[in-house]
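Please find below some notes on the model, set out as numbered points. They are meant to be read with the structure open.

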Amino acid sequence: MRTKKPVSALSKITAALFLLFILVQFVSCYGSWNFFYKGNNVDERTQELRLLTDSDSRFAASGISELKHKYTVLIISDTHFGNTKKKVDCERLYNWLESVKGTENFPSFAICLGDSTDLGKQSHFDEYLEFCGQLENKYGISLVLNSCGNHDIYQSNWDNWEKNCYPHTSFYKFQTEKLSWYCLDTASGTFGLNQYNRIFEAFSRDNNKKIIFTHYPFIRFNYNCANMAETTERNKLISDFSKNKVLCVLGGHNHKRFSDDLGFMDYGLPSFAYSGAWGLLHVDEDKSEALLEYIGD
């Protein structure tokens with residue numbers, strides 16, 4: 001009769017660590033949703049770099065293409081509408097907008113850097129769209145532009161983001177008088193070969209100074225997967241940005257405020273939902289400057 005061998009303490013520890021690893025994979029931002037839901041393929045989402053022009057009536061009405069000299073842009077990130085644990089408090093921002101009406105600090109337009117919702121459900125987007133409607137219709141922000149975040153596309157909800165968030169693409173470009181603005185899709189924690197090839201093809205034909213906005217930060221590491229997953233890809237992008245007249249990169253995701261000089265300014269926005277803070281990007285096109293001021297953090 002064969003006797004069972006006792007399980008060693010090392011084997012138990014190994015098994016426990018393996019189970020812990022599996023658990024982390026299923027709850028982290030690089031967890032099970034990366035494998036089991038539609039819309040996670042960044043190459044599929046970035047088939048075309050869309051150019052926003054005044055042929056789009058909503059964009060034309062915003063007056064963005066006519067901006068020149070000095071102006072200010074409202075930058076918000078990680079609003080996480082739909083989070084049942086912490087309701088988003090917008091009153092501080094609304095009151096601030098009222099206080100700066102008619103001054104040079106009043107934003108010409110706004111950008112949300114992703115994770116506008118907590119789980120990408122339509123009900124969460126309904127809350128976010130109500131917020132955008134308040135900014136545009138009550139407080140006079142001409143337009144809210146969007147980048148896509150990982151929370152927005154959880155559980156096959158890419159279609160919800162695409163349907164609800166203007167300009168209904170996660171990969172696009174527009175221009176003011178002397179600057180080119182690019183929205184890049186990092187919602188999967190990676191850039192992807194298709195997007196990389198398309199963006200640098202566009203850069204090769206664009207001699208303007210550039211401002212980039214996206215969701216994942218490029219440099220600051222956080223243990224909770226709060227930066228780009230592939231460091232080689234990230235480092236190449238940083239090098240390429242510095243060679244292609246990028247003035248600054250605006251990102252969110254890790255809920256931290258930071259700024260780094262990488263040959264361009266790399267700005268991290270804190271979470272609007274959790275800290276109630278936002279940023280003001282002060283642009284001076286004549287001086288080729290785009291400097292971020294943090295408000296309320």
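**Notes on the predicted model**

1. Phe 258 stands opposite Gly 268, a residue of strand S10. The model is a predicted one, and this pairing belongs to the stretch where S9 and S10 (residues 265-268) are joined by four bridges and run antiparallel.

2. The wider setting of these two strands is an open sheet of seven strands, in the order S1-S5-S6-S7-S8-S10-S9 and with mixed pairing. Its edges are strand S1 (50-51) and strand S9 (258-261), each of which pairs on one side only.

3. Helix H8 (residues 193-204) lies across three strands, namely S6 (179-183), S7 (209-213) and S8 (246-251). Relative to S6, helix H8 runs at about 175°. S6, S7 and S8 follow one another in the sheet order.

4. Following S10 in the chain is the loop that leads to helix H10 (272-275), and Pro 270 has its place there. Is Pro 270 buried or exposed? Its relative accessible area is 2%, so Pro 270 counts as buried, the cut-off being under 20%.

5. The surroundings of Pro 270 draw on several parts of the sequence. Leaving aside neighbours within four places in sequence, Pro 270 is in contact with Ser 77, His 255, Lys 256, Arg 257, Ser 275, Ala 277, Tyr 294 and Asp 297. For Ser 77, the C-alpha to C-alpha separation from Pro 270 is 6.8 Å, although the two are 193 residues apart in sequence.

6. Strand S11 (residues 278-284) has six of its seven residues buried, and is therefore largely enclosed by the rest of the structure. S11 pairs with strand S2 (residues 70-76) in the antiparallel sense over six bridges. Within that pairing, Ile 75 stands opposite Gly 279 of S11.

7. S11 also pairs with strand S12 (residues 289-295), again in the antiparallel sense, here over seven bridges. Leu 281 has Leu 292 in S12 as its bridge partner. S11 and S12 form a hairpin with four residues between the strands, and in this hairpin Ser 288 takes a positive phi near 55°. Tyr 294, listed above among the contacts of Pro 270, falls within the residue range of S12.

8. Turning to helix packing, how far apart are the axes of H5 and H6? Helix H5 (residues 91-100) and helix H6 (residues 122-138) have axes 11 Å apart and pack at an angle of about 10°. H5 is therefore roughly parallel to H6, as angles under 35 degrees count as such. On the H5 side the contact is made by Leu 93, Tyr 94 and Leu 97, and on the H6 side by Phe 131, Gln 134 and Leu 135. By class, the residues of this contact are five nonpolar, one polar and no charged.

9. Asn 164 belongs to helix H7 (residues 158-164). Its relative accessibility is 11%, which means that Asn 164 counts as buried. Which residues does Asn 164 contact, leaving aside neighbours within four places in sequence? They are Gln 122, Phe 125 and Leu 129, and these numbers lie within the range of H6.

10. Two polar partners can be named for the side chain of Asn 164. One is the side chain of Gln 122, in a polar contact of 3.0 Å. The other is the backbone oxygen of Asn 160, which lies 2.7 Å from a polar atom of the Asn 164 side chain.

Technical notes:
Residues numbered from 1 in each chain as written. Predicted model: local features only at pLDDT ≥ 70, side-chain atom pairs only at ≥ 80, totals over all residues. Heavy atoms only, no water. Buried < 20%, exposed > 50% of the residue type's maximum accessible area, 1.4 Å probe, protein only. Polar contact = N/O pair within 3.5 Å; in protein donor to acceptor, adjacent residues only side chain to side chain. Contact = heavy atoms within 4.5 Å. Pairing = 2+ DSSP bridges. Axes fitted to C-alpha atoms, helices over the stretch in contact; angles between N-to-C directions. Parallel < 35°, antiparallel > 145°, perpendicular 65-115°, else oblique. Nonpolar A, V, L, I, M, F, W, Y, C, P; charged D, E, K, R; others polar.
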